[in-house]
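Visitor: I should like to take a close look at one part of this protein, namely its aromatic side chains. Please describe them and then place them in the setting of the whole chain.

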Amino acid sequence: MLKALTDAITQLIGDHGVPAVFFLMMLESMCLPVPSEVIMLFAGYLVTLDKMSLTEAVAAGTLGNIVGSWIAWGVGMSGGRVLLERHGRYLHITPDRLDMADRWFERRGERIVLISRCLPIIRTFISLPAGIARMPFWRFTIYTAIGCLPWVLGLTLIGVQVGAKWEEWHDRLHFLDYVVIAGFLAGAAYLIVRWRRGPATA
C-alpha cells in the first residue's frame with residue numbers, strides 16, 4: 001500500500017514537477033494521508049537533477065501547505081464545532097470542554113500551530129481544531145507559514161544531500177511517525193481519564 005502510494009506520488013511529481021509538489025502538499029494539509037516526507041525528499045532529489053530549483057521546490061511545498069491548511073481551517077470553522085456539539089458526547093466532549101479548548105487556543109494558539117507544524121502526523125491535522133476553536137484567520141496563516149517553512153526546507157535539503165538515496169531516508173524518517181503516534185495516544189489516554197474523573201474535589 002505504502003509502496004504504491006510512493007510510486008504514485010513520485011510519478012506525479014516526475015510528470016508535472018513544481019505544480020505537482022504544490023498540489024500534493026495541499027492535499028497533505030487538508031488532512032489527507034499524503035506523506036510530505038515522500039513529496040519533499042523526492043523534490044530535493046529532482047533538484048540535484050536540475051529538474052526544478054531549490055527555491056521552486058520549497059516555495060511550492062510551503063504554499064501548498066498553507067492553501068491546504070486554509071481549507072481544513074475553513075472546514076473546522078464552518079462545521080466542526082456543530083458536529084462536535086451534536087456527537088461529541090460519545091467521545092466525552094462537552095460544550096464546556098469545547099469552550100475550554102477555545103480559550104486554550106486563544107491564549108496559546110500561535111505556539112500550538114507553530115510547534116505542531118514541525119511534528120510528523122500532527123502537522124497534517126492541526127488546522128481542523130484551529131478552525132473549530134475559531135483561531136483568527138491571519139494569525140493562523142502567519143504561524144502556519146512560519147511553522148511549515150522549516151519542515152519543507154529541511155526535507156528538501158535532505159533530499160538534495162542524499163540524492164538517489166532519498167527513499168532510504170524516507171524509511172528512516174518513517175520511524176518518527178511511530179514515536180509521535182505513541183506520544184499522541186499516551187496524551188489522549190491521559191486526557192480521557194482526566195475528563196472521565198471530572199473536576200477534582202477538595
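Guide: The following account begins with the chain as a whole, turns to the aromatic rings, and ends with two further sites.

The model shown here is predicted. The protein chain contains nine helices and zero strands, and its pattern along the sequence is accordingly written α-α-α-α-α-α-α-α-α. Of the 202 residues in the protein chain, 41% are buried. The protein chain exposes about 11,400 Å², and carbon and sulfur atoms supply 68% of that area. Contacts also link distant parts of the sequence: among those between residues at least 6 apart, 77% join residues at least 24 apart.

Let us now turn to the aromatic rings. A search of the whole structure finds five aromatic pairs. A pair of aromatic rings is described by two quantities, the distance of the centres and the angle of the planes. One of the pairs is formed by Phe42 and Tyr45, whose ring centres are 6.0 Å apart and whose planes meet at 50°, so this pair is tilted. The reasoning rests on the cut-offs: planes under 30 degrees apart count as stacked and those over 60 as edge-to-face, so an angle between these limits is called tilted. Phe42 and Tyr45 both belong to helix α3, which covers residues 36–48, and because they are three residues apart there, about one helical turn separates them.

A second pair consists of Phe137 and Trp138. Their ring centres are 4.9 Å apart and their planes stand at 75°, so the pair is edge-to-face. The two partners fall into separate classes of exposure: Phe137, with a relative accessibility of 26%, counts as partly exposed, whereas Trp138, at 59%, counts as exposed. Phe137 and Trp138 also belong to one aromatic cluster, together with Trp70, Trp73 and Phe140.

Phe42 deserves a closer look. What is the relative accessibility of Phe42, and is the residue buried or exposed? The value is 9%, and Phe42 therefore counts as buried, since buried means under 20% relative accessible area. Leaving aside neighbours within four places in sequence, Phe42 is in contact with Thr10, Ile13, Gly14 and Trp166. The C-alpha atom of Phe42 is separated by 8.7 Å from that of Ala164, although these two residues are 122 residues apart along the chain.

Another buried site is Thr156 in helix α8. Thr156 has a relative accessible area of 0% and is therefore buried. A polar atom of the Thr156 side chain lies 2.7 Å from the backbone oxygen of Val152. When residues up to four places away in sequence are not counted, Thr156 touches Met40, Gly44, Leu54, Ala57 and Val58.

The last site lies on the surface. Leu114, Ile115, Leu119, Ile142 and Ile146 make a nonpolar surface patch of about 400 Å². The elements that give two or more residues to this patch are α5 (95–116) and α8 (137–162). Leu114 lies in helix α5 and has a relative accessible area of 30%, so Leu114 is classed as partly exposed.

To return to the request, the aromatic side chains described here include a buried residue, Phe42, and an exposed residue, Trp138. The pair of Phe42 and Tyr45 is tilted, while the pair of Phe137 and Trp138 is edge-to-face.

Notes. Residues numbered from 1 in each chain as written. Predicted model: local features only at pLDDT ≥ 70, side-chain atom pairs only at ≥ 80, totals over all residues. Heavy atoms only, no water. Patch = residues over 30% accessible without salt bridge, like charges linked within 9 Å, V, L, I, M, F, W, Y side chains within 5 Å. Areas by Shrake-Rupley, 256 points an atom, 1.4 Å probe, with all protein chains shown as cover. Salt bridge = Lys/Arg side-chain N within 4 Å of Asp/Glu carboxyl O. Helix = DSSP H or I, 4+ residues; strand = E, 2+ residues; numbered from the N terminus. Buried < 20%, exposed > 50% of the residue type's maximum accessible area, 1.4 Å probe, protein only. Polar contact = N/O pair within 3.5 Å; in protein donor to acceptor, adjacent residues only side chain to side chain. Contact = heavy atoms within 4.5 Å. Phe/Tyr/Trp six-rings, centres within 6.5 Å; stacked < 30°, edge-to-face > 60°.
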